[in-house]
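Please open the model in a viewer and follow the stops below in order. Each stop gives a selection to make and an account of what is found there.

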Amino acid sequence: MTTTISSAAPPTAPPKMPTSADAQLLSFAQSAELSVHDLYNIAINSGLLSADEKLMMQMFSDHHKEYAQSLNGLLGKDATNTRNESLYLTYASQLTSAQAMSRVLQSLENILVATHTDILSSLEGLDGATLVASIITVEARHAAVFGTLPNANLSSALNNTASSLAPNASPATTTSETTVAP
Amino acid sequence: MNNFENLTRRELLKVSGLTIAGITFLASCGAQSGVTGTANIASAGTVPPTTALGEVVISDTVLLRTAASLEYNAIDTYTKVLDGGLLTGEYASLNDAIKRFRDDHVDHAAAINALVVDIGGKAHECANTRVNNLYVDPALKLITADGNADAARDVVTLAHALENLATQTYQGIVALLTKPQLRGDAMRVGQDEARHAVVLAQVLNPGYLAIGPTTDEATGKAKVASVPSAFGGLASIQISLGAPNSEGAKTSLSLETPSLNGLVYDEISC
């Protein structure tokens, strides 16, 4: 018997590299990653965290830096390598206590998951899509960790009601959130 | 004038050495007289016959139907865990979480099957047979076998592995789905499975120091981590289950996301 394996290829196969429209979305994703990395650093350098919390946040901060670097590698000369100042300023002032830091940073992880998922829904290029997908699963894990430590709260770990910040998001899902609900 | 006349003794030895090596190599590739040709390499015993796949097409519906089938693997496993009262002792408090996970998987299956129907496919509303045969059934058999003192913990280990398997499956099909919208829809579900995995990881290996990758100093094996790496991985998932053997080792299982012979092709029905 002859084995034939084929993909049901669409009329035009998806491109491998990001298209120019993809590049804009990926640049936005990179700027959001840099903002969240910098927000983690505020928490890490605040002196308000326990040694364990600091260790965890350092790991998550490093991850966000790696995401920005990977996106930079994919974007090449299209990369802006600058943080989203609006996102950064909105949340920087809310990092006022260890408890607030956990709450705010969990919320930001959830926002990044929603934003990247939204962006993924528009990306044509497969390299960008696979990279963003591999980031989404880990940022969801970050958010869930905040829901399990220091005290386990199943709803907090599993639920994500955050809205997307992606520029292509439909009006109904574009966030206008400026504070993180307690 | 012949160029060979200009060769030094050292160069001549090199050339002759290469010639001998080449002749030996070619001779080893050729058929030998008196030896019957065979398609197989030399082997002891009987080679079992293999069944080749028929003509198959990997389409968006196949990929999503496969994802839906894994949701049913999780639903069925959690139902067996709950109905069989397998979470006992200190793990009994996890029953509510398992119920929540099962409900989530029911929702995921419905959402994925709705996508399948939207793009012209047929909903697949049962578990992946190959995943059951290779992983779930053997695992449950080991867990429920007499003499397994760690049955409840092993249930959590299996659940954690299944959640990671589902996460990897969704992440993996992103590279194969042809429509960007479907990729986003897949990861809306996939990220949910990753959250389930974290909750279970924190049961198996709790605390801040267990978030990232760590190694068991006694065995040299990787411990369960809530966030095993900076990027979502697609490597096989190793678990150890069941009663330990005489040397204290549990049976190991290696779980992998469905491949060509585990996909739910359009012609497969429940």
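Begin in chain A by selecting A:Ala32, A:Ser35, A:Val36, A:Asp38, A:Leu39 and A:Ile42 of α1(A), then add A:Leu87, A:Tyr88, A:Tyr91 and A:Ala92 of α3(A), which they meet. By class, the residues of this contact are eight nonpolar, one polar and one charged. The model is a predicted one.

Next, display the two helices in full: α1 of chain A covers residues 20–44 and α3 of chain A covers residues 85–92. Their axes come within 8 Å and cross at roughly 25 degrees. An angle under 35 degrees counts as roughly parallel, and α1(A) is therefore roughly parallel to α3(A). The crossing of α1(A) past α3(A) is right-handed.

Now move to chain B and select residues 60–83, helix α2, together with residues 95–118, helix α3. Here the packing angle is about 155 degrees, and the axes lie 9 Å apart. Because angles over 145 degrees count as roughly antiparallel, α2(B) is described as roughly antiparallel to α3(B). The contact of α2(B) with α3(B) involves 15 nonpolar, six polar and four charged residues. The handedness of the α2(B) and α3(B) crossing is left.

Keep α2(B) in view for the next stop, an enclosed space. How many cavities of 30 Å³ or more does a search of the whole structure find? The search finds one, and the volume of the largest cavity is about 40 Å³. To locate this cavity, select its lining: B:Leu70, B:Asn73, B:Ala74, B:Leu162, B:Leu165 and B:Ala166. Two elements of chain B, α2 and α5 (151–173), each give two or more residues to that lining. Five of the lining residues are nonpolar, one is polar and none is charged.

From the cavity, turn to the largest pocket, whose volume is about 1200 Å³. Centre the view on B:Ala222, B:Lys223, B:Val224, B:Gln238 and B:Ile239, which lie nearest the centre of the pocket among its 38 lining residues. Then colour α5 (126–148) of chain A, and α5 and β2 (237–241) of chain B; each supplies at least two residues of the pocket lining. Which element provides the largest share of the lining? That element is α5(B), with eight residues. The pocket lining as a whole comprises 13 nonpolar, 18 polar and seven charged residues.

Terms used. Residues numbered from 1 in each chain as written. Chains lettered and ligands numbered in written order. Predicted model: local features only at pLDDT ≥ 70, side-chain atom pairs only at ≥ 80, totals over all residues. Heavy atoms only, no water. Axes fitted to C-alpha atoms, helices over the stretch in contact; angles between N-to-C directions. Helix = DSSP H or I, 4+ residues; strand = E, 2+ residues; numbered from the N terminus. Parallel < 35°, antiparallel > 145°, perpendicular 65-115°, else oblique. Left-handed = near helix turned anticlockwise from the far one by under 90°. Nonpolar A, V, L, I, M, F, W, Y, C, P; charged D, E, K, R; others polar. 1 Å grid on protein atoms, 1.4 Å probe; cavity = no way out; pocket = protein on both sides within 12 Å on 5 of 7 lines; lining within 4 Å. Points joined across faces, edges and corners; volume = space filled by probe spheres on them. Contact = heavy atoms within 4.5 Å.
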